[in-house]
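Me: I'd like a close look at one part of this model, with enough of the surroundings to make sense of it. Start at a single spot and work outwards from there.

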Amino acid sequence: MSEGGTTARSDLRGGAAWAGFGLLILGESLRMDRFESMGAVIYSMPGFVPGMLGVVVLLLGISLMLRGWRRQRDEAGADAPDEPLFNRRIVATMALCLLYAGLLIGRAPFWLVTALFVGAFVAVFAPAEQPLRRRIAVSMLAGVITAAVVTVVFQQVFLVRLP
């Protein structure tokens with residue numbers, strides 16, 4: 001095992017997954033309506049920010065893959081332990097994100113769904129040694145504050161109607 005407990009193989013796999021996810025985000029952002037007929041400029045188009053985020057995720061995924069290739073080259077011949085493709089944290093993250101974006105958004109008020117998502121995410125990833133009451137209180141507070149700030153900023157500042 002290398003520094004931080006990761007191996008070259010996990011960097012390659014994780015990097016490939018992140019690069020693929022970045023490409024998916026970029027592709028979907030390019031499909032979004034550009035509102036050119038309304039005189040919109042590139043910076044005000046709905047897909048601009050998601051597209052930039054997709055590019056960043058893609059580049060970071062490629063960077064992680066390159067790190068894995070370098071490690072693999074350096075560890076050539078050494079027996080690397082097999083590790084699962086997905087660990088519990090990745091599975092939990094994917095499940096929460098898919099539940100949030102795939103099932104809940106558009107079916108319930110945005111502020112409520114976002115508060116529940118952020119609260120659940122914080123609760124799942126809170127330190128295990130933290131008392132349960134504190135973990136629940138912190139996660140609920142984080143969810144409510146995040147949902148309120150995101151809703152206000154997007155609706156009042158960016159003038160974006162939320163689902």
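**Helix ends and buried faces**

Reply: Let's start right after H3, where you'll find Gly106 with a positive phi, near 95°. Bear in mind that this is a predicted model, and that goes for the angle as well. The helix before that glycine, H3, covers residues 88–104. Its 17 residues reach 22 Å from the first C-alpha to the last, close to the 24 Å expected at 1.5 Å a residue.

There's a similar spot further along. H5 is followed by Leu159, and here too phi is positive, near 55°. H5 itself takes in residues 132–157. Its 26 residues should span 38 Å at 1.5 Å a residue, and the end C-alpha atoms are 36 Å apart, so the length agrees with expectation.

Now for what H5 hides. Its buried residues are Arg135, Ser139, Gly143, Ala147 and Thr151. It helps to keep the usual helix geometry in mind here: an α-helix has 3.6 residues a turn, so residues three or four places apart point the same way. As for what lies over those H5 residues, the cover includes helix H4, residues 110–125.

Between H4 and H5 runs a loop, and Gln130 sits in that loop. Is Gln130 buried or exposed? Its relative accessibility is 17%, and the cut-off for buried is under 20%, so Gln130 counts as buried. Don't picture this glutamine beside Leu112, though: the two are 18 residues apart in sequence, and their C-alpha atoms are 25 Å apart in space.

Over to H2, residues 48–74. This helix has 27 residues, which should span 39 Å at 1.5 Å a residue; the end C-alpha atoms are 39 Å apart, so the two values agree. The buried set in H2 is Gly51, Gly54, Leu58, Gly61, Met65, Gly68 and Arg71. What do the buried residues of H2 pack against? The partner is helix H1, residues 8–31.

Gly68 shows that packing residue by residue. It lies in H2 and has a relative accessible area of 0%, which means it is buried. Setting aside its neighbours within four places in sequence, Gly68 is in contact with Ala8, Asp11 and Leu12. The C-alpha atoms of Gly68 and Arg9 are separated by 6.4 Å, although the two residues are 59 apart along the chain.

Val56, also in H2, makes a handy contrast. At 43% relative accessibility, Val56 counts as partly exposed, whereas Gly68 is buried. From Val56 to Leu23 the C-alpha distance is 9.9 Å, with their positions 33 residues apart in sequence.

Stepping back, the protein has five helices and zero strands, which run α-α-α-α-α from the N terminus on. Its radius of gyration is 20 Å, while a compact globule of 163 residues would be near 15 Å. Along the principal axes, the C-alpha trace spans about 60 × 50 × 25 Å. Buried residues make up 22% of the 163. Of the contacts between residues at least 6 apart in sequence, 68% join residues at least 24 apart.

Last, the surface and the charges. The protein exposes about 11600 Å², with carbon and sulfur atoms supplying 69% of that area. There are 15 positive and 11 negative side chains, and the centres of the two sets lie 9 Å apart.

Technical notes: Residues numbered from 1 in each chain as written. Predicted model: local features only at pLDDT ≥ 70, side-chain atom pairs only at ≥ 80, totals over all residues. Heavy atoms only, no water. Helix = DSSP H or I, 4+ residues; strand = E, 2+ residues; numbered from the N terminus. Rg over C-alpha atoms; globule rule 2.2 N^0.38 Å. Buried < 20%, exposed > 50% of the residue type's maximum accessible area, 1.4 Å probe, protein only. Contact = heavy atoms within 4.5 Å. Areas by Shrake-Rupley, 256 points an atom, 1.4 Å probe, with all protein chains shown as cover. Lys, Arg positive; Asp, Glu negative; His and termini not counted. Charge placed at Lys NZ, Arg CZ, Asp CG, Glu CD. Expected span 1.5 Å × (residues − 1).
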